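Here are some exercises to work through with the model open beside you. Try each task before reading its solution.

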Amino acid sequence: AQLHSTIGQKDNGDIVILASSLKDVMCLNVLGYEAIALQSEMQMPDRKLIDGLKERFEVVAVLYDNDFEKETNPGQTMANKICAEFNLINIILPAHYKSKDISDLMKDHGVEIAEKIVKIQLP
């Protein structure tokens, strides 16, 4: 599976976030977070990948799209599956911001709001 990543800059650290796209990885990097994205948001990550991240980072979190306008909310459905399978933190963008991903949130509400929403959900 192809991986989009900013981890090359840091081999280990406090937090790494599994995001849904390269665009989101870049936005998280602007906020100061290491991040990776799989080829597809609908793909279950390989256990070896997650175990490797857990060895290198103190916290592994997931920030997938909040498809709040769709009844099935595929982004959050998959995020919940991944978090349940690997015991990870799910960072959820509140629906009242009407931003389905971190890049929309930054564009529509600013970097400070995006930073606060991510930070408040992390240990």
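The exercises below go from the whole chain to its cores and then to single residues.

This is a predicted model, in which local features need pLDDT of at least 70, side-chain atom pairs count only at pLDDT 80 or more, and totals for chains, interfaces and linings use all residues. Residues are numbered from 1 along each chain as its sequence is written, and side-chain values use heavy atoms, with hydrogens and water left out.

**Exercise 1. The overall fold**

Work out which pattern of helices and strands the protein chain follows along the sequence.

Solution.
- Start with the elements: the protein chain has five helices and five strands. Helices (H or I, at least four residues) and strands (E, at least two) are DSSP runs, numbered from the N terminus.
- Next, put them in sequence order, which gives β-β-α-β-α-β-α-β-α-α.
- Then turn to compactness: the radius of gyration is 13 Å, close to the 14 Å that the globule rule gives for 123 residues, so the protein chain is as compact as a globular protein of that length. The radius is taken over C-alpha atoms, and the rule is 2.2 Å times the number of residues to the power 0.38.
- Along its principal axes, the C-alpha trace spans about 35 × 30 × 25 Å.
- Finally, look at contacts (heavy atoms within 4.5 Å). Among those between residues at least 6 apart in sequence, 64% join residues at least 24 apart.

**Exercise 2. The nonpolar cores**

Find which residues have the most contacts inside the largest nonpolar core, and which elements each supply at least two of its residues.

Solution.
- Begin with the terms. A nonpolar core is a set of buried Ala, Val, Leu, Ile, Met, Phe, Trp, Tyr and Cys residues joined through side-chain atoms within 4.5 Å. Buried means under 20% relative accessible area, exposed over 50%, and partly exposed in between (1.4 Å probe, protein chains only).
- By that cut-off, 48% of the 123 residues count as buried.
- The largest core holds 22 residues, and I17, L28, I102 and V118 have the most contacts inside it.
- Strand 2 (13–19), helix 1 (22–30), strand 3 (34–38), strand 4 (57–63), helix 4 (102–109) and helix 5 (111–120) each supply at least two of its residues.
- Apart from this core lies another, of 16 residues, including V16, F57, M78 and A79.
- Now zoom in on I102: beyond its neighbours within four places in sequence, I102 touches D24, C27, L31, L63, L93, A114 and V118.

The general background is that nonpolar side chains in soluble globular proteins tend to be buried together.

**Exercise 3. Two asparagines**

Decide whether N73 is buried or exposed, and do likewise for N87.

Solution.
- Locate N73 in the loop between strand 4 and helix 3 (74–86). N73 is buried, because its relative accessible area is 16%.
- Locate N87 in the loop between helix 3 and strand 5. N87 counts as exposed because its relative accessibility is 67%.
- Check the backbone too: phi is near 40 degrees at N73 and near 55 degrees at N87. As background, most residues other than glycine have a negative phi.

**Exercise 4. A strand residue and a loop residue**

Establish where A35 and H96 lie.

Solution.
- A35 belongs to strand 3, and A35 counts as buried because its relative accessibility is 0%.
- H96 sits in the loop between strand 5 (89–90) and helix 4. H96 is exposed, with a relative accessible area of 62%.
- To finish, pair H96 with F68: they are 28 residues apart in sequence and 9.2 Å apart in space, C-alpha to C-alpha.
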